[in-house]
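Here is a short briefing to read alongside the model. Have the viewer open, and follow the backbone and the packing as you go.

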Amino acid sequence: MVKRWSTLLAAALAATTFGLSAKAEPEIPADPSKSSDPPREAGTAPEPVPAPVTPPSTPKVHHAPLATARAHESFSVRADIEHPELVKRALLVFRTAGREGLREVELLRASSGPYVAEVPAEDVVWPSLAYAIELELLSGKRSAAFASRSELHEVQVPEDLMDIRERALSQRLGGRRSVFAATGEVVSFGTSQAQKLNAPGTESVNDYYYRAEGSYTYRPLRVVTEFAIRIGLVRGKSPVPSRELLPDQSESERYDVGLNYAAPMVRFRLHDQVHLQTELLGSMTEVGFAGGGGGALLLGDPYGTKLTLGFESIGTFGNRFYSRMDVVATERVTVAPMIEITNMPSADTYGVRLLGEVALDAGGGFSLALRGGYQARLATSGGPSGGAAVSYAF
């Protein structure tokens, strides 16, 4: 028993001695050759660590790409520029439909807000336009900031309804928007009665006139469908009421009438099937200058079957009211019956004209028309009329 306790006491003393030895073991210093810090003398301050090098700032463009634009309205591009002090100028580079090559417009700083550049409204057309943004640095060097010249950003330009109408009409007309025309006509009312100048009663007058006219028409085919100018002359004889002889005029020339006129015309689209035509008339007659005007309402296809109701009036020369029904008989032939009530030229009595016209599309832009009819101021007398017209559209 005593031997056992002696053994346990000896083991406890040995363990205590080993622990004290471990705690008293000194720390081994690190090898200076393996330290990451350079050696320094004792008592000196550590060297300052240099700040990291910051690369120079680079200008950047912040821009939200646009996907669509409205046809025939100016197209605005907006962008914010980061570090604008490093930029000489910013440019919008764009290409539009129907025009070759690239064009540039400068982005300008708005009074408040981003930089803005605009593509003119006349360049924003169906089907699309494309653009990129470039920065010109202070050194003069250019850099692509959004998209690039070789890969422009595409913007869709949907076609509006007016564009569709215009294209459809232009295709129907074969793209021929300009028309030159020449017209000639001879009209006889037979024999009319005129009051004698210095004696009671009436006398017979050979009532007739002839007309020659040239015109030019252009077809925008939009709200203004057409505009035109007509220039012509009229010469003839008419039962002029109570007219005094002019100086150097013989008795036989008392009934002579004439007119040199010009008439600008504009046709407006009110509806696909309704058009309004207005015109001004200016003339030099045998008794001086005269002015007037006219108008017409077109119901139906303006370049097909339609009804036209119209009038013209000019001072000293007279008035006319007419209706015309154009009927497309075949692809190339149009037939047009007409009724006209008029006191032209310079008569005091209205007459009635019944006419018919046949127009032939001869191809290549040429068209020919023949007109014939009968008219009278009196039930007991009347006469024929005939005329022709030729036109060229291009």
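Pro345 sits in the loop that links strand S17 (333-342) to strand S18 (351-363). The peptide bond leading into Pro345 from Met344 is cis, with omega near -5°. This is a predicted model, so please read each value below as computed from predicted coordinates.

**Unusual backbone spots**

- Most residues other than glycine have a negative phi, and most peptide bonds are trans, so the spots listed here may be worth a look.
- Ser346 also belongs to the loop between S17 and S18, and its phi is positive, near 60°, although Ser346 is a residue other than glycine.
- Is Ser346 buried or exposed? Ser346 counts as buried because its relative accessibility is 9%, under the 20% cut-off.
- Another cis peptide bond connects Trp126 to Pro127, where omega is about 10°.
- Pro127 is located in the loop that runs between strand S5 (115-119) and strand S6 (128-137).
- Ala147 is not a glycine either, yet its phi is positive at about 55°.
- The loop holding Ala147 lies between strand S7 (142-146) and strand S8 (153-156).
- With a relative accessible area of 32%, Ala147 is partly exposed.

**Nonpolar cores**

- Which residues touch the most other members of the largest nonpolar core? They are Phe75, Leu92, Leu107, Tyr131 and Ile133, in a core of 23 residues.
- Strand S2 (75-82), strand S3 (87-96), S5 and S6 are the elements that each contribute two or more residues to this core.
- A second core, separate from that one, has 12 residues, among them Val187, Tyr261, Leu281 and Ile314.

**Contacts of Leu107**

- Setting aside neighbours within four places in sequence, Leu107 is in contact with Val77, Ala79, Ala90, Leu91 and Leu92, among others.
- The contact list of Leu107 also includes Tyr115, Val116, Ala117 and Ile133.

**The chain as a whole**

- How many helices and strands does the chain have? There are 2 helices and 20 strands.
- The chain has 394 residues, and buried residues make up 34% of them.
- Among contacts in the chain with a separation of 6 or more, 54% are between residues 24 or more positions apart.
- About 23,500 Å² of the chain is exposed, and carbon and sulfur atoms supply 61% of that area.

How values were computed: Residues are numbered from 1 along each chain as its sequence is written. This is a predicted model: local features need pLDDT of at least 70, side-chain atom pairs count only at pLDDT 80 or more; totals for chains, interfaces and linings use all residues. Side-chain values use heavy atoms; hydrogens and water are left out. Helices (H or I, at least four residues) and strands (E, at least two) are DSSP runs, numbered from the N terminus. Buried means under 20% relative accessible area, exposed over 50%, partly exposed in between (1.4 Å probe, protein chains only). A nonpolar core is a set of buried Ala, Val, Leu, Ile, Met, Phe, Trp, Tyr and Cys residues joined through side-chain atoms within 4.5 Å. Contact means heavy atoms within 4.5 Å. Accessible areas come from the Shrake-Rupley method with a 1.4 Å probe; for residues, only the protein chains shown count as cover.
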